[in-house]
Structure formats: structure tokens, C-alpha cells
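Please look at the model shown here and find the ligand. The paragraphs that follow go through its surroundings step by step.

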Amino acid sequence: MSREAVESLLQEKKLMDLPYERILSSMCTYPHEIAIYAHKLFLESNLGDSELFPGTKEMEEKVVRMIGSLLHTENAAGYISTGGTESNIQTIRAIRNRRRKAGMRDMNIIVPQTAHFSFEKVADLLNLEVRQASLDPQLKVDVNAVERLIDSNTIALVGIAGTTEFGQIDPIEELSALACDRDLFLLVDAAFGGFVIPFLETHYEFDFALDGVSAISVDPHKMGLSTLGAGCILFRDPTFLDELVVATPYLSTKQQYSLVGTRSGASAAATYAVLKCLGREGLQEIVHECMRLTSLLICGTKRLGIFPVIEPVMNVVTLKLPEGDVDRVKKAMEERRWRVSLTRSPRALRLVIMPHVDEETIQYFLEDLEDIL
Ligand code: PLP
């Protein structure tokens, strides 16, 4: 085919994709303009063979240090993963490998009922049991329930700082104390919340400031405005990275600790660029605006008699609708070209107020919601 014909095919496909403006169901958004620039500049860079790309490697190391410092550690070890799923798999794999070396078998981990579905992949790939702890009425994990599930084969606890469905923050402080007490690894899944919680007006303890937190997963490709394919794994104890190492004899680089082999340096460069460009203040401004719009949305729905399942902690809103109305409203909204999602339990309408949402969008959304109701 000619170049023009291929271009026109691509344009045709692009038109089939939805623009983000009316998407309220996703934790992804348009990348920051500087991220797009950096991504293009480092498109061919392969961090799987990082000795060939020392500039990109340096950016990856700096990103790990910058995010580490945001999350209260100066010495964290980690790398830019492909996203929250890889981060969850790899952090749990590291502790699984360590305990396996020590002779443990039939291991289990304990996650909240609200854990992301990536933990199903963790269970399958790592061959361990994933036990689900129940929640309290505010949809935070019940620490007593976690404690009851611990046995001699438990290797790790997981707490979520920004649950996918409700945007709730688990009691990480209590989980940290429990992890210290029972000598367990504690992973904080802050894939979404890692770039939100540090900038909220309310202070939450959820990171390495707590002694029991062993690892944190945080995704620059969500609220960090990087390009897709940017997650970040951080271990408090750098020796956990060694548990993931394989030798790579025929590459320039002699070892790899990532799950994937060839991996894009472009998303690492994009993350570096956004963090340098925005800094803490820029990120804070973005979070404040998302929270302002979240409040605006909630005020609007309350005027319509629709109340949230929990008062939003971050920029995730879940709305209680009369039984039987949830699917109808979702469908009707979709007919008006909105994309919204549903939570599982309790069933509610779920909206994520990402940086691509503006005040006008919230007004239009509320008008359509009122009309449909
Ligand atoms: N963990 C949490 C809390 C999430 O919200 C998500 C995705 O929404 C993930 C993990 C998985 O991230 P990814 O889709 O980047 O693999």
C-alpha cells in the first residue's frame, strides 16, 4: 500500500476510537504535552538492554528516586514497569522467591476484597493462594479480618491506597503495624493513589514513612500524566530486586529484573519529563482541580437526590441509584456518548474525574443525568 493509503487507514481507525472528553470510566487520560515530546524522542530506546541507552537508564533511575522521595524514602530500589499489573506481580514475586528459597511452600497472601483484578493474575502466575479480607462499612479493608486470615504460610499483606472502584484508602498504618508485628511483607498498591494522596488537603499515612511498608506500586500513566506503559515499583529494601534477576548472556546488559524483556524507554523518559516539568506544585495543582470538580459533581448529584456510596476521598465518585436503575442509567448515558462504569458490590455508578474533565463537562453530565433520571 502507498504511504498515503496507510495514513488514511490509520485516520479511519483513529476516528473509531473514543476521545477522552466524555470518558468518566477510565483511570487513564491524555498524557502531558512534554510526555508526548519525550516519548517520541526516546521511541527506540530499550531499557531491556539498558547499557545501550545510558541516558534513558539515568532517567529511569532519577524517576525512581523522585517518586521515592515523594513517598518518603531516599534509598528505594525499583524500576519503571509496564503498569500496575506488572508491579503487583513483581513485588509479590520478589517476596515469594525469597520465601521459596527459605523452603516455604503453599504460600498465601492477603488482599482486600476491593483488590484490583491483577491479583487474579498474581495467584495464577505465582501459584499462590490469594485470600480476600472483608471490608468495613466505609469499604476499607477490615484489619481484624486480615489478621484472622493470617497463618504460617502467609507471606504478604496488600493494602490499597486508592481502590480502583471506590477510590478508598485502606488503613495502611494499621496494616503496617500488623506487618511489623507478624514479620510480613506489605505491598501498598498505590497505582492510582500514588500521585493523588500526597497532594490531598487531608493527610493520609500510606507510604514508606510507615516502617511496615515493604513495597509500593504507583502508576505514572494514571494520575502522573505520563504515556501508557509507565508503572513504578519501589522496594524499601533494595535486595528484593535481586530476587527478580535473571542473567541475560547475549545482551550488552548482563541482567534483567523486569517481567518483560524488551521494554520501552519512552515511557520512562515521558515520566521523567512530566515530573521535571510539573514538579510537586504542578502535580498538586492537577489534583486540586480534579478534587474541585469532584466536589462540584457531588454537589450536583446531591441536588438531584443522588448520594455517593462513600464521600469521595479522591477523584473517584460512586453514586447510589435505586435498585434496577443502575444498568438503565448506564445504558442511557452511553446512548448520549458518555462512558461510565459500574462497581460490583455495592452496585453503583462509578465516575473517575481525570484531568481531561473540565467544569463544562461536569455541567453537561449533570444535565444529562437529570434528564435521564
Ligand atoms: N492496582 C490498582 C489499584 C488499579 O487501579 C489498577 C488499574 O486501574 C491496577 C493495579 C492495574 O494497573 P494497570 O492497568 O496499569 O496494569
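Residues can be sorted into three classes: Ala, Val, Leu, Ile, Met, Phe, Trp, Tyr, Cys and Pro count as nonpolar, Asp, Glu, Lys and Arg count as charged, and the others, Gly among them, count as polar. In this predicted model, the shell around the ligand divides by class into 2 nonpolar, 8 polar and 3 charged residues.

Which residues of that shell come nearest to the ligand? Of the 13 residues around the ligand, these are Thr85, Thr164, Asp189, His221 and Lys222. Helix H4, residues 84–101, supplies the largest share of the shell, with 3 residues.

Some side chains can be followed atom by atom. In the side chain of Asp189, an N or O atom is 2.7 Å from a nitrogen atom of the ligand. His221 has a polar side-chain atom 2.8 Å from an oxygen atom of the ligand. For Asp219, a polar side-chain atom lies 3.2 Å from a ligand oxygen atom. Taken alone, the ligand exposes 390 Å², and the protein buries 84% of that area.

Now consider the space that holds the ligand. The ligand sits in the largest pocket, and about 410 Å³ of space lies in that pocket. The lining of the largest pocket consists of 21 residues. Met27, His116, Phe117, Thr164 and Arg350 lie nearest the centre of the pocket. By class, the lining has 6 nonpolar, 9 polar and 6 charged residues. H4 gives the largest share of this lining, 3 residues.

Conventions. Residues are numbered from 1 along each chain as its sequence is written. This is a predicted model: local features need pLDDT of at least 70, side-chain atom pairs count only at pLDDT 80 or more; totals for chains, interfaces and linings use all residues. Side-chain values use heavy atoms; hydrogens and water are left out. A residue is near a molecule or strand if one of its heavy atoms lies within 4 Å of it. A polar contact is a pair of N or O atoms within 3.5 Å; within protein, one must be able to donate a hydrogen and the other to accept it, and residues adjacent in sequence count only if both atoms are side-chain atoms. Accessible areas come from the Shrake-Rupley method with a 1.4 Å probe; for residues, only the protein chains shown count as cover. On a 1 Å grid over the protein atoms alone, a cavity is a set of points where a 1.4 Å probe fits but cannot get out, and a pocket is an open set with protein on both sides within 12 Å along at least five of seven lines; lining residues have an atom within 4 Å of a point. A molecule sits in a cavity or pocket if more than half of its atoms lie within 2 Å of its grid points. Helices (H or I, at least four residues) and strands (E, at least two) are DSSP runs, numbered from the N terminus. Grid points are joined across faces, edges and corners, and a volume is the space filled by probe spheres set on the points.
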